[in-house]
Amino acid sequence: MVPALRYLGSVCGLARGGFPGGFSAACAPAPGKPWLLCQGGRRASTSSFDVVIIGGGIVGLASARALILRHPALSIGVLEKEKDLAIHQTGHNSGVIHSGIYYKPESLKAKLCVQGAALIYEYCNQKGISYKQCGKLIVAVEQEEIPRLQALYERGLQNGVQDLRLIQQEDIKKKEPYCRGLMAIDCPYTGIVDYRQVALSFAQDFQEAGGCVLTNFEVEDIEMAKESPSRSKDGMKYPIVIRNTKVPDSRFPFLGVHFTPRMDGSIWLGPNAVLAFKREGYRPFDFSGRDIMDIIIKSGLIKLVFQNFSYGVNEMYKACFLSATVKHLQKFIPEITVSDILRGPAGVRAQALDRDGNLVEDFVFDGGVGVIGNRILHVRNAPSPAATSSLAISGMIADEVQQRFKL
């Protein structure tokens, strides 16, 4: 048996331990909630688990699914603070199945994105989940952009992106009649999907395999248990009590202009790159003083602002005035006017920032230190393309958990 509760923190946690404070009650569905939260024999007990995943987003649910399929004898639970699953970053993204062209060769993002895209397409086909492999054009509209476009094309080839080709003006017009450009990368492997639907399918797979999902349960602390729970007859040596944890994150993504088709037939224009004044704030005036102070004190935000001041001011200006955004969009499609667009929804990108003001470019998987830390595997800095990469990430996490914790 697993000798200790281990938590794959902020997304996924391998665990052995007790959960005081009414877990059995927490397993009952909330009023009006469609989820049957716990299934299976010994897994239906919510006083202890072998594995705990904290956070019911697409990466956490994919990881839970991978772990229970690989280790069906283990008792595994997912803890989600909200009343439903996948409603934050998973439910507020562009829905793009990324090809992997942008990321640094040999990085985790590059490897896991290319692998993950293939797995997402395969999974959607198996489950009958609707998607569109619509392709993508990356367009150079100025002569000075062409060398950068060619370098990006070479990067995509290094990353193993399928079916890339450079096309000229006439071929751009054939694929996108309204698009203006001198040269473009045609990336037919890019697609779109509803990632929340995919995440809920992962959750269903997990539950059908015997996993337990607990919603309305916000983790507030993790500590060693003073004594073993009464149900620890199966050999828990180092039980841990889970109460809550939050990992500070900072956001200042630098993204180019996108015209993104959606599964409902609409097209999203953007995104912009402005600071979110609340970690889970999706409305224009959402604000949290605590979140802002965390970002200022615990990251290199001030350095980032000074390093990119003019860029940041420009992004804020475009966010406030649609006419400025339209002027930028017209570089690609001159016919667009202000009357053609409406303000759309917002998402918050969980982008890590180091103390020197640099964006952390890659996914980060690491453990902690000390008695509790040695039982922890953190999954950090998982913004785009984490949804595309979710099945590939979950396989990597399952491998790491198996090796680190001797399953």
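Select lysine 174 and aspartate 171 to start: they form a salt bridge, with the closest N and O atoms 3.8 Å apart. The model is predicted, so treat each stop as a computed result. Both residues sit in helix H5 (residues 169–175). They are three residues apart, about one turn of the helix. Now colour the pair by accessibility. Lysine 174 is exposed, at 67% relative accessibility. Aspartate 171 is partly exposed, at 23%.

Next, select aspartate 291 and arginine 279. This is another salt bridge, and its closest N and O atoms are 2.8 Å apart. Aspartate 291 belongs to helix H7 (residues 289–298), while arginine 279 lies in the loop between strand E16 (267–270) and H7, so the pair ties together parts that are 12 residues apart in sequence. Are these two side chains buried or exposed? Aspartate 291 counts as buried, at 10% relative accessibility. Arginine 279 is buried too, with a relative accessible area of 15%.

Move to arginine 283 and aspartate 286. Their salt bridge brings the closest N and O atoms to 3.1 Å. Check the surface on each side of the pair. Arginine 283 is exposed, with a relative accessible area of 62%. Aspartate 286 is buried, at 14%. The cut-offs behind those words are under 20% for buried and over 50% for exposed.

Now select Arg65, Lys127 and Asp205 together. Salt bridges link these three residues in a network. Across the whole structure, a search finds 14 salt bridges. Side chains of opposite charge can pair when their charged atoms come close.

Leave the charged pairs and show two helices as cartoons: H3 (residues 108–127) and H12 (residues 386–404). At what angle do they pack? The angle is about 105 degrees, and the axes are 6 Å apart. That makes H3 roughly perpendicular to H12, because angles of 65 to 115 degrees fall in that class.

Turn on side chains at the contact. From H3, pick Leu108, Leu112, Cys113, Gln115, Gly116, Ala117, Leu119, Ile120 and Tyr123. From H12, pick Ala387, Thr388, Ser389, Ser390, Leu391, Ala392, Ile393 and Met396. Colour this selection by residue class. The contact of H3 with H12 has 12 nonpolar and five polar residues. Charged residues are absent from it.

For a last view, return to lysine 174 in H5. Set this exposed residue beside aspartate 291, which is buried.

Notes. Residues numbered from 1 in each chain as written. Predicted model: local features only at pLDDT ≥ 70, side-chain atom pairs only at ≥ 80, totals over all residues. Heavy atoms only, no water. Salt bridge = Lys/Arg side-chain N within 4 Å of Asp/Glu carboxyl O. Helix = DSSP H or I, 4+ residues; strand = E, 2+ residues; numbered from the N terminus. Buried < 20%, exposed > 50% of the residue type's maximum accessible area, 1.4 Å probe, protein only. Axes fitted to C-alpha atoms, helices over the stretch in contact; angles between N-to-C directions. Parallel < 35°, antiparallel > 145°, perpendicular 65-115°, else oblique. Contact = heavy atoms within 4.5 Å. Nonpolar A, V, L, I, M, F, W, Y, C, P; charged D, E, K, R; others polar.
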